Amino acid sequence: MKYYGIMPKRTILTKVIIIIFSVYLIYNSSINFNIFYLLIGIILILATFSNRKHIISQEGVDILYTVCGIKFHNIWSWDDINTLHTDSMGSKPNIELHIGKNVVSRRFIFTKFESDEILKLARKINSKIYISEINRK
């Protein structure tokens, strides 16, 4: 079974502002012959039309990037994951899962039911994962 994380949506106004700023960057950099800002403008336009999904499944933890119809996977297998921390205060009423691989950590947001299912899945697949709750005071 695949569990899809809750992702914040970009508003149309934000996308329009980023595109206008990117077009200005490209125009200004082409007049001033500055290749660095030209590349930044192009990257910003591509990032505006990108999409990201957080997916947790039997195979592992995956972030699926879609840029102009091209899909890129960044997957961690369950064998690579060392820690799994839950945070019930950060994104109420949802639960944040902080998934750690060595010193790198990813933050995924799920509903309470899905986070419980993911914790069961993690315990079942890799018994070496350290699972705990983040305590905030």
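Start by selecting Asp87 and Glu96: Glu96, in strand S6, is the bridge partner of Asp87. Before you go on, note that this is a predicted model, where local features need pLDDT of at least 70, side-chain atom pairs count only at pLDDT 80 or more, and totals for chains, interfaces and linings use all residues. Residues are numbered from 1 along each chain as its sequence is written, and side-chain values use heavy atoms, with hydrogens and water left out.

**The sheet**

Now widen the selection to residues 83-87, which are strand S5, and 95-101, which are strand S6. These two pair in the antiparallel sense over 5 bridges. A word on terms: helices (H or I, at least four residues) and strands (E, at least two) are DSSP runs, numbered from the N terminus, and two strands pair if DSSP finds at least two bridges between them. Strands of a sheet pair through backbone hydrogen bonds, either parallel or antiparallel.

Which strands make up the whole sheet, and in what order? Run across and you'll read S7-S6-S5-S8, 4 strands in an open sheet with mixed pairing. The edges belong to S7 (104-110) and S8 (130-133); each has a single partner strand, so one side of each is left without a neighbour in the sheet. Tilt the view to follow the twist, which averages 20° from one strand to the next. For angles like this, axes are lines fitted to C-alpha atoms (for helices over the stretch in contact), and angles run from 0 to 180 degrees between N-to-C directions.

**Salt bridges**

Keep Glu96 selected and add Arg107. The two form a salt bridge, with the closest N and O atoms 3.2 Å apart (the term means a side-chain nitrogen of Lys or Arg within 4 Å of a carboxyl oxygen of Asp or Glu). This one links distant parts of the chain: Glu96 sits in strand S6 and Arg107 in strand S7, 11 residues apart. Is Glu96 buried or exposed? At 5% relative accessibility, Glu96 counts as buried, while Arg107 is partly exposed at 44%. The cut-offs: buried means under 20% relative accessible area, exposed over 50%, and partly exposed in between (1.4 Å probe, protein chains only).

A search of the whole structure finds 3 salt bridges. For another, jump to helix H3 (residues 112-125) and pick Lys112 and Asp116, which lie 4 residues apart, or about one helical turn. Their side chains meet at 3.3 Å, N to O, in a salt bridge. Asp116 is partly exposed at 30%, and so is Lys112 at 48%.

Stay in H3 and select Glu117 and Lys120, which are 3 residues apart, about one turn of the helix. They form a salt bridge too, with 3.7 Å between the closest N and O atoms. Glu117 is partly exposed, at 22%, whereas Lys120 is exposed, at 52%.

**Aromatic pairs**

Next, the rings. A pair of aromatic rings is described by the distance of the centres and the angle of the planes. Rings of Phe, Tyr and Trp (its six-membered ring) pair if their centres lie within 6.5 Å; planes under 30 degrees apart count as stacked, over 60 as edge-to-face and the rest as tilted.

How many aromatic pairs does a search of the whole structure find? The count is 2. Select Phe36 and Tyr37 for an edge-to-face pair, 5.4 Å centre to centre with 70° between the planes. Phe36 is exposed at 53%, and Tyr37 is partly exposed at 40%. Then go to Phe108 and Phe110: their centres are 6.3 Å apart and their planes at 45°, so the pair is tilted. Both Phe108 and Phe110 are buried.

**A nonpolar patch**

Switch to a surface view and colour Ile35, Leu39, Ile42, Ile43 and Leu46. Together they make a nonpolar surface patch of about 470 Å². Patches are made of residues with over 30% relative accessible area and no salt bridge; like charges are joined within 9 Å, nonpolar side chains (Val, Leu, Ile, Met, Phe, Trp, Tyr) within 5 Å. Click on Leu39, in helix H2 (residues 35-48): its relative accessibility is 47%, so Leu39 counts as partly exposed.

**Two loop stops**

Most residues other than glycine have a negative phi, and most peptide bonds are trans. Phe33, in the loop between helix H1 (12-32) and H2, has a positive phi, near 55°. Phe33 is exposed, at 73%. Last stop: Asn102, in the loop between S6 and S7. Its phi is also positive, near 55°, and at 63% relative accessibility Asn102 counts as exposed.

Technical notes: Accessible areas come from the Shrake-Rupley method with a 1.4 Å probe; for residues, only the protein chains shown count as cover.
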